[in-house]
Amino acid sequence: TFGEMLEKHEKQIREERKRLTEDMRAKKLELQGEATTAADDEAELRRKLAAAEAEVATLRTDVEAAEQRANEVREEMSRKVQEMQEQLSKSGESEDASAD
């Protein structure tokens, strides 16, 4: 009869609705898990980036200090070479004066 067909049809609709609701709930949980994982991954990458940037800043400071020290050593060596040349020049002049 028509009533039985209608009841059977409504039962199918209820079952399909229940199945779809469960599927949506499962998919929602899956997506929430993926979102949480992605957020955790992003946070970890941001922490690593911050650590790398801090290391780069430290290395830049170290390089600047090393360059400064190298310049100081170069200047000191240049002064020493000049002093030695002056001493040799004076020594040579003294020997020339003695030879006269």
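Where does Gln87 sit in this structure? The place of Gln87 turns out to be helix 1. The model is a predicted one, and that helix is pretty much the whole story as far as secondary structure goes: the protein comes to one helix and zero strands. Helix 1 takes in residues 2-99. Gln87 itself is exposed, with 55% relative accessible area, which puts this residue past the 50% cut-off for that label. Going back along the chain from Gln87 to Thr1 covers 86 residues, and the C-alpha atoms of the two are separated by 127 Å.

The overall dimensions fit into the picture next. Along the principal axes, the C-alpha atoms of the protein fill a box of roughly 145 × 15 × 10 Å. The radius of gyration is 43 Å, whereas a compact globule of 100 residues would come out near 13 Å. As for burial, there's not much to report: buried residues make up 0% of the 100 residues in the protein. To count as buried, a residue would need a relative accessible area under 20%. The accessible surface adds up to about 9400 Å², and carbon and sulfur atoms own 55% of that.

Charge is the next topic. The protein carries 18 positive and 27 negative charges, and the mean positions of the two sets lie 15 Å apart. Side chains of opposite charge can pair when their charged atoms come close. Here, the count of salt bridges comes to eight, with a nitrogen-to-oxygen cut-off of 4 Å.

One of these salt bridges joins Glu16 to Arg19, with 2.5 Å between the closest N and O atoms. Why are these two residues about one helical turn apart? Glu16 and Arg19 are separated by that much because they are three residues apart in helix 1. Neither end of the pair is tucked away: Glu16 counts as partly exposed at 36% relative accessibility, and Arg19 is partly exposed too, at 38%. The pair isn't on its own, either, since Glu16 and Arg19 are linked with Asp23 in a network of salt bridges.

Further along the chain, Glu44 and Arg47 bring their side chains together in another salt bridge, at 2.9 Å from N to O. Both residues belong to helix 1 and are three residues apart, about one turn of the helix. Glu44 has a relative accessible area of 33%, so this residue is classed as partly exposed.

A salt bridge also forms between Glu76 and Arg79, where the closest N and O atoms are 2.1 Å apart. Once again the partners lie in helix 1 with a spacing of three residues, or about one turn. Glu76 has a relative accessible area of 30% and is partly exposed, while Arg79 gets that label at 43% relative accessibility. Both values fall between the 20% and 50% cut-offs, so neither residue is called buried or exposed.

Notes:
Residues are numbered from 1 along each chain as its sequence is written. This is a predicted model: local features need pLDDT of at least 70, side-chain atom pairs count only at pLDDT 80 or more; totals for chains, interfaces and linings use all residues. Side-chain values use heavy atoms; hydrogens and water are left out. Helices (H or I, at least four residues) and strands (E, at least two) are DSSP runs, numbered from the N terminus. The radius of gyration is taken over C-alpha atoms; the globule rule is 2.2 Å times the number of residues to the power 0.38. Buried means under 20% relative accessible area, exposed over 50%, partly exposed in between (1.4 Å probe, protein chains only). Accessible areas come from the Shrake-Rupley method with a 1.4 Å probe; for residues, only the protein chains shown count as cover. Lys and Arg count as positive and Asp and Glu as negative; His and the chain ends are not counted. The place of a charge is taken as NZ of Lys, CZ of Arg, CG of Asp or CD of Glu.
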